[in-house]
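Here are some short exercises to work through with the viewer open. Try each task yourself before reading its solution.

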Amino acid sequence: GQFRLAAVMGISVAEMGTNLTGWGLEGVRIANINNARQLVVAGPAREMEAALERLKAVALDVHDLALDIPLHTAHIEPARREGSRWWASVPAASPSLTLPSPVDGEVIADGDSFKNHMLTSLVSPTNWQAVVARLKTLNIRRALDVSPGGELGRMARWTDRELDVIPVSALWAAG
């Protein structure tokens, strides 16, 4: 489609920003900060093509992802705006477990805060580095990974090797 996403290893957020601005590719945005030097970028297909060619010369590894929805970037703003009217009507209970925001790692304390953080996360980069750092400051050493293929757990483990991540699929398999 209209958009592309790619994983980029071996480059920091600051380096990525400097490069994209210098190359005039402001439509390409950081979508995920998986750790200090592993990012996901997203943007319009033509700009992404140009960015990926240039990134191959300055990053350790660059590869396309099998997605074409630029989640966690400003490109999703029209959908966030449209969905926010419906989302406001959905009741949300306060989390009973520690739930860090995917945007900044802030602990989400109540249902309204949860709803606001989820709306913000549609158009803001997911910062797994901040999430894992928050878990560490709270002395939480075990986390449940609810992603379908264990992706979130692997990203968390790249940030902190001491974190014990249990894939929810393992719990299902165990009965």
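The exercises below deal with a predicted model, and each comes with a worked solution.

**Exercise 1. Find how many helices and strands the chain has, and write down their order.**

Solution. Start by counting: there are seven helices and seven strands. Next, walk along the chain from the N terminus, and you should read β-α-β-β-α-β-α-α-β-α-β-α-β-α. Now turn to the overall dimensions. The radius of gyration is 17 Å, close to the 16 Å that the globule rule gives for 175 residues, so the chain is as compact as a globular protein of that length. Along the principal axes, the C-alpha atoms fill a box of roughly 45 × 40 × 30 Å.

**Exercise 2. Work out the strand order in the open sheet of five strands, and name its edge strands.**

Solution. Begin with the order, which is β4-β1-β3-β2-β5, with mixed pairing. Then look at the two ends: β4 (61-64) and β5 (126-127) each pair on one side only, which makes them the edge strands. Now zoom in on β2 and β3, which are joined by five bridges in the antiparallel sense. As a marker for your view, Ile30 stands opposite Val41 in β3. Finally, add the helix: α2, residues 45-58, lies across β1, β3 and β4 and runs at about 15° to β1.

**Exercise 3. Describe the largest pocket: what volume does it have, and which residues lie nearest its centre?**

Solution. First, the volume: the largest pocket holds about 1300 Å³ of space. Second, the lining: 45 residues contribute, and those nearest the centre are Trp128, Asp145, Val146, Ser147 and Leu152. Third, sort the lining by class, which gives 31 nonpolar, 11 polar and three charged residues. Fourth, trace where the lining comes from. At least two residues each are supplied by the strands β1 (3-9), β2 (29-35), β3 (38-44) and β6 (142-145), and by the helices α4 (111-123), α5 (128-137) and α6 (151-159). Of the elements, α6 gives the most, with five residues.

**Exercise 4. Check the phi angles of His72 and Asn139: are they positive or negative?**

Solution. Keep the background in mind: most residues other than glycine have a negative phi. Take His72 to begin with, where phi is near 65°, a positive value. His72 sits in the loop between β4 and α3 (77-88). Then move on to Asn139, with a phi near 60°, also positive. Asn139 belongs to the loop between α5 and β6.

Key
Residues are numbered from 1 along each chain as its sequence is written. This is a predicted model: local features need pLDDT of at least 70, side-chain atom pairs count only at pLDDT 80 or more; totals for chains, interfaces and linings use all residues. Side-chain values use heavy atoms; hydrogens and water are left out. On a 1 Å grid over the protein atoms alone, a cavity is a set of points where a 1.4 Å probe fits but cannot get out, and a pocket is an open set with protein on both sides within 12 Å along at least five of seven lines; lining residues have an atom within 4 Å of a point. Grid points are joined across faces, edges and corners, and a volume is the space filled by probe spheres set on the points. Helices (H or I, at least four residues) and strands (E, at least two) are DSSP runs, numbered from the N terminus. Ala, Val, Leu, Ile, Met, Phe, Trp, Tyr, Cys and Pro count as nonpolar, Asp, Glu, Lys and Arg as charged, and the others, Gly among them, as polar. Two strands pair if DSSP finds at least two bridges between them. Contact means heavy atoms within 4.5 Å. Axes are lines fitted to C-alpha atoms, for helices over the stretch in contact, and angles run from 0 to 180 degrees between N-to-C directions. The radius of gyration is taken over C-alpha atoms; the globule rule is 2.2 Å times the number of residues to the power 0.38.
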